[in-house]
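Got your viewer open and a selection box ready? Let's take a short walk through this one, stop by stop.

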Amino acid sequence: MREMKVSSRLMLGFGLLTILLVTVAATAFYGMWQLHGQLDTIARVNNTEAKLANRLRATIQDRAIAVRNLALLTDQQEMAQEAERIKKQDDIYADAYQKLARMFANEPATTERERTLVTALKQDEAAAQPALRKAAQLGLSNDPAAATKD
């Protein structure tokens, strides 16, 4: 090394620094590429899943409020509006559930727990529907005592 000219040593030093810089830049670009993929998954998959899950929750809450209103109302026109509201929320729920189930079926990143939860959600909905329908029917028939019983 001592026998090398100063210009040769400088070229060797700058060459090594250039190689180090390229290595650091390549590592940074690879990290950015991975981050982009993860952010894409969050934006495309997770946000859509959360939006659909929130829509399911909102429709359940809205249907429960409409059934409560049916038990409290006596005006037939208002009761018909609430019954229509329940039907509309049923359709919104079914659409959101279908999209969420399809997404979980097609998305490779879906975990087994998510698949189990979607199945449980369908079972819970099937179990709740008869009570919801019965309460709505009793409310529509102006029987608030029976509609709010149990």
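Start by selecting Glu82, which counts as buried at 12% relative accessibility. Keep in mind as you go that this is a predicted model.

Now add Arg85 to the selection. The side chains of Glu82 and Arg85 form a salt bridge, with N and O 3.1 Å apart. Both residues sit in helix 2, three residues apart, which puts about one helical turn between them. Unlike a buried residue, Arg85 is partly exposed, at 23% relative accessible area. The cut-off matters here: buried means under 20%, so 23% falls in the partly exposed class.

Next, go to Asp90 and show its side chain. How accessible is Asp90? Its relative accessibility is 14%, so Asp90 counts as buried. Select Arg133 as well, and you have a salt bridge whose closest N and O atoms are 2.4 Å apart. Asp90 belongs to helix 2 and Arg133 to helix 3, so this pair ties together parts that are 43 residues apart in sequence. Arg133 is partly exposed, with a relative accessible area of 39%.

Keep Asp90 on screen and bring in Arg63. Here is another salt bridge, this time 2.7 Å from N to O. Arg63 lies in helix 1 and Asp90 in helix 2, so the pair links parts that are 27 residues apart in sequence. Arg63 and Asp90 are both buried.

Which residues do the shared salt-bridge partners join into one network? Select Arg63, Asp90, Glu125 and Arg133 together to see it. For the whole model, the salt-bridge count comes to seven.

Stay on Arg63 and add Tyr93. The charged end of Arg63 sits over the Tyr93 ring, 4.7 Å from the ring centre. So Arg63 gives you two things to look at: the salt bridge to Asp90 and the placement over the ring of Tyr93.

While Arg63 is still selected, try a C-alpha distance to Lys87. You should get 8.6 Å, for two residues that are 24 apart along the chain. Lys87 is in helix 2, and at 45% relative accessibility Lys87 counts as partly exposed.

Now leave the helices for a moment and select Glu107. Where is Glu107? Look in the loop between helix 2 (76–106) and helix 3 (112–140). Glu107 is buried, with a relative accessible area of 11%. To see what surrounds this residue, skip the neighbours within four places in sequence: the remaining contacts are Arg44, Val45 and Arg115.

For the last stop, switch on a surface and select Val6, Leu10, Phe14, Leu17, Leu20 and Val24. Together they make a nonpolar surface patch of about 620 Å². Zoom in on Val6, which is in helix 1 (residues 6–72). Is Val6 buried or exposed? Val6 is exposed, at 57% relative accessible area.

One extra for anyone who likes rings: the count of aromatic pairs in this model comes to one. If you go hunting for that pair, keep two numbers in hand, since a pair of aromatic rings is described by the distance of the centres and the angle of the planes.

Notes
Residues are numbered from 1 along each chain as its sequence is written. This is a predicted model: local features need pLDDT of at least 70, side-chain atom pairs count only at pLDDT 80 or more; totals for chains, interfaces and linings use all residues. Side-chain values use heavy atoms; hydrogens and water are left out. Patches are made of residues with over 30% relative accessible area and no salt bridge: like charges are joined within 9 Å, nonpolar side chains (Val, Leu, Ile, Met, Phe, Trp, Tyr) within 5 Å. Accessible areas come from the Shrake-Rupley method with a 1.4 Å probe; for residues, only the protein chains shown count as cover. A salt bridge is a side-chain nitrogen of Lys or Arg within 4 Å of a carboxyl oxygen of Asp or Glu. Helices (H or I, at least four residues) and strands (E, at least two) are DSSP runs, numbered from the N terminus. Buried means under 20% relative accessible area, exposed over 50%, partly exposed in between (1.4 Å probe, protein chains only). Rings of Phe, Tyr and Trp (its six-membered ring) pair if their centres lie within 6.5 Å; planes under 30 degrees apart count as stacked, over 60 as edge-to-face and the rest as tilted. A charge sits over a ring if NZ of Lys or CZ of Arg is within 6 Å of the ring centre and within 35 degrees of the ring normal. Contact means heavy atoms within 4.5 Å.
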